[in-house]
Amino acid sequence: LSEDRMSKIKNAEALCDLAALEIVNAIPTGIAAIDKSMYGGMTPQSLTVFVGTVNTGKSMLGASLAKFAASKDKKTFITIHEDSELKTKVRFLSRFSKIPYNKLVAGFSGLSSAEKEIAIKAQEELDKYVTFQFMYDDKCYIEDVLNVAALKKREEGYDLFICDYGQCLKSRKAKGGDQVRFTQADVYIALKQFCMANDIVGVSYAQANRLGHKMNQSGSDYLRMGDVSECIAKDTPILTRNGYVPIQN
């Protein structure tokens, strides 16, 4: 056993003050019920995984989280594994400028003078607070993602790490390519450990539905990360540099 990780409480006052400091550094989600339950938002050394069905706004939530982080003068690093670079950046520009996404994709010339000015200011804020790393590959591994995230942390530092989206990743710890359930566990455990080691707030998303839950014969009323992997059908495509390919490839 490592003695440097052994400790006792000793000082309750100091312990509570440190906990209060964590709350001050929390990044809010903007969802009142969640922020209340988390005492102000997501705290450093935590990983929050947002689970939802297709097209429920999981990735748009990431843009909102980055905006909340920027409002507290905190930087965001985000790795993208599912959406295109163009769609992702316009989504973030929409959230930071509060100009509707559909209006932005219609072209910059269609914006009013005031909207153009707002869009430029939003772009400047994004360039200051948000860095994107696009990693499309059907063979992309969580270990590679965390190596990039660690390098970025050392070089420039950031407070919020968004992995969009962990479900597309694999792990070299998996014993077989068909053991998807165990791969999912490895991916999210690795993300959590990374956030703890680097004292940052971590966020990821996962697609899930009741079909995946039912496929787990030993399941209870709670959806587990293992069930999440079952929601990806064998013919569900993911984006790679060469286009869309089945995820099992």
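## A tour from a buried cysteine

Cys195 is buried, with a relative accessible area of 0%. Select it to start, and keep in mind as you go that this is a predicted model.

**Stop 1: the cysteines.** With Cys195 still selected, show the cysteine sulfurs. Which cysteine sulfur is nearest to that of Cys195? The one in Cys163, 9.5 Å away, and Cys195 is in no disulfide. Now move to Cys140, which also counts as buried, at 6% relative accessibility. Its closest cysteine sulfur is again in Cys163, at 8.5 Å, and that is too far for a bond. A disulfide needs the two sulfur atoms within 2.5 Å, and by this rule the protein has zero disulfides.

**Stop 2: helix H7.** Next, select residues 142-155, which make up helix H7. If you draw a distance between the C-alpha atoms at the two ends, you should get 20 Å. That agrees with the expected span, because 14 residues at 1.5 Å a residue should also give 20 Å.

Now turn on the side chains of H7. Which residues of H7 are buried? They are Ile142, Val145, Leu146, Ala149, Ala150 and Lys152. Look down the axis: these residues cover an arc of only 165 degrees, so they lie on the same side of H7. Lys152 may catch your eye, as the list of buried residues includes this lysine. Rotate to the other side of H7 and you will find Asn147, Arg154 and Glu155, which are exposed. Then step past the end of the helix to Gly157, which follows H7 and has a positive phi, near 80 degrees.

**Stop 3: Arg91.** Jump to residues 85-97, helix H4, and pick out Arg91 within it. Is Arg91 buried or exposed? Arg91 counts as buried, because its relative accessibility is 10%, under the 20% cut-off. To see what surrounds this arginine, select Ser59, Met60, Ala63, Asp83 and Tyr101: Arg91 is in contact with each of them, leaving aside its neighbours within four places in sequence.

**Last stop: the whole protein.** Zoom out and colour by secondary structure to bring up 10 helices and seven strands. Of the 249 residues, 41% are buried. Switch to a surface view, where the accessible area comes to about 14300 Å², with 54% of it belonging to carbon and sulfur atoms. Finally, consider how the chain meets itself: among contacts between residues at least 6 apart in sequence, 67% join residues at least 24 apart.

Definitions and conventions:
Residues numbered from 1 in each chain as written. Predicted model: local features only at pLDDT ≥ 70, side-chain atom pairs only at ≥ 80, totals over all residues. Heavy atoms only, no water. Helix = DSSP H or I, 4+ residues; strand = E, 2+ residues; numbered from the N terminus. Buried < 20%, exposed > 50% of the residue type's maximum accessible area, 1.4 Å probe, protein only. Contact = heavy atoms within 4.5 Å. Areas by Shrake-Rupley, 256 points an atom, 1.4 Å probe, with all protein chains shown as cover. Expected span 1.5 Å × (residues − 1). Arc of directions from axis to C-beta.
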